[in-house]
Amino acid sequence: MKKESVVAKKKFGQNFLKDQVVLQKIVQAMPKNDNKIVEIGPGLGDLTKYLVDVKSVDAFEVDTDLCKLLQGEFKKEIATKRLHIHCGDVLKAWKSSLVDETYDLVANLPYYIATNIILKALADPMCKNILVMVQLEVAEKFCAEAGQKVFGSLGIITQSVGASRIIVKVPPSAFEPPPKIDSAVFLIAKKRDRPDKDFEDMLRVAFSQPRKTLIKNLSFKYEKSELLVAFEELKLIQTIRPHQVCTNDYHQLYKKIK
Ligand code: SAM
């Protein structure tokens, strides 16, 4: 099969990034270090081409037609072990870590599983940085600050692990075929491990009804009297909403009520 005759498969979330300026911005934003690169969903190889120029790459692609095409396009890089293509579903290949050396995830992700992939990468001790294109709305959740309406569990988990920022917003016209929504590239620089499961369970309860007060949500699972003491100690007013509390206060609250 030739690259030009590939028809994008909706079921695999295939929107190929064609804008060379955006591709270069992704490469320029890559952290400078000795980590290997993992690319999830190399597709037609437009980003892969830039990545193998900089570092060695492990790429995971579910579409067997695209795997064959990539094996033809990147014969030389595969022979010199600059590129390793894993053909199959990345979620099935992912054990506690995805590869057995430290890596940065750099990818234009399949949007239907993007949040799941990022959460797995945040929990993967081998993954050190995450530089990915996703739906704009999802990028904004991962990069949100306390006080913003979209600040929630994803923002708190991200801030607990490291620092995040949006690199560039990307319009539908940058892709072939164009998706119906805006996209964005964002970077998470990991500094610590993902918080423990019980902390994340507390977040789920805290944001179960995002427009209600935090204390009301938390009192579904935790003792109201203990919550009142903890709120008092942390100087949190009782009418505060879940998105108005900063990450550090969530950790302090967890220590007091767990
Ligand atoms: N990186 C290419 C680009 O920027 O043009 C393609 C990006 S496209 C948005 C997402 C890619 O992820 C597609 O190639 C798709 O086949 C692949 N993909 C979808 N689900 C996958 C999965 N579960 N495991 C691995 N790859 C997957």
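Visitor: By class, which residues make up the lining of the largest pocket?
Guide: In this predicted model, nonpolar, polar and charged residues all take part in that lining. Four are charged and eight are polar. The nonpolar residues number 18.

Visitor: How many residues line the largest pocket, and which lie nearest its centre?
Guide: The lining counts 30 residues. The volume they line is about 390 Å³. Nearest the centre are Ile40, Gly41, Glu61, Asn108 and Pro110.

Visitor: Which strands and helices each supply at least two residues of that lining?
Guide: Two helices qualify, H2 (46-54) and H5 (90-93). The strands are S1, S2 (36-40) and S3. S1 spans 16-17 and S3 spans 57-61. That gives S1, S2, H2, S3 and H5.

Visitor: Where does the ligand sit?
Guide: A pocket holds a molecule here if more than half of the molecule's atoms lie within 2 Å of the pocket's grid points. The ligand's place is the largest pocket.

Visitor: How many residues surround the ligand, and which are the closest?
Guide: The shell has 23 residues. By class, twelve are nonpolar, seven polar and four charged. Strands S1 and S3 each supply at least two of the shell residues. The closest are Leu17, Gly41, Glu61, Asn108 and Tyr112.

Visitor: What distance separates a polar side-chain atom of Gln14 from an oxygen atom of the ligand?
Guide: The cut-off for a polar contact is 3.5 Å between N or O atoms. The Gln14 side chain reaches an oxygen atom of the ligand at 2.9 Å.

Visitor: Which residue has a polar backbone atom 3.0 Å from a nitrogen atom of the ligand?
Guide: Backbone atoms also approach the ligand. For an oxygen atom of the ligand, the partner is a backbone N or O atom of Leu17, at 2.8 Å. For the nitrogen atom, at 3.0 Å, the partner is Val90.

Visitor: How much of the ligand's accessible area does the protein cover?
Guide: On its own, the ligand has 590 Å² of accessible area. The protein covers 99%.

Visitor: What is the volume of the second largest pocket?
Guide: Its lining has seven nonpolar, four polar and three charged residues. The volume is about 300 Å³.

Visitor: Which residues lie closest to the centre of the second largest pocket?
Guide: The lining holds 14 residues. Closest to the centre are Lys10, Gly13, Asn15, Pro179 and Lys180.

Visitor: Where is the cis peptide bond that has an omega of about -10°?
Guide: Pro177 lies in the loop between strands S8 (175-176) and S9 (183-190). The cis bond joins Glu176 and Pro177.

Visitor: What is the phi of Lys81?
Guide: Lys81 falls in the loop between helix H4 (75-79) and strand S4 (83-87). Lys81 is not a glycine, yet its phi is positive, about 65°.

Terms used: Residues numbered from 1 in each chain as written. Predicted model: local features only at pLDDT ≥ 70, side-chain atom pairs only at ≥ 80, totals over all residues. Heavy atoms only, no water. Near = heavy atom within 4 Å. Polar contact = N/O pair within 3.5 Å; in protein donor to acceptor, adjacent residues only side chain to side chain. Areas by Shrake-Rupley, 256 points an atom, 1.4 Å probe, with all protein chains shown as cover. 1 Å grid on protein atoms, 1.4 Å probe; cavity = no way out; pocket = protein on both sides within 12 Å on 5 of 7 lines; lining within 4 Å. Helix = DSSP H or I, 4+ residues; strand = E, 2+ residues; numbered from the N terminus. Nonpolar A, V, L, I, M, F, W, Y, C, P; charged D, E, K, R; others polar. Points joined across faces, edges and corners; volume = space filled by probe spheres on them.
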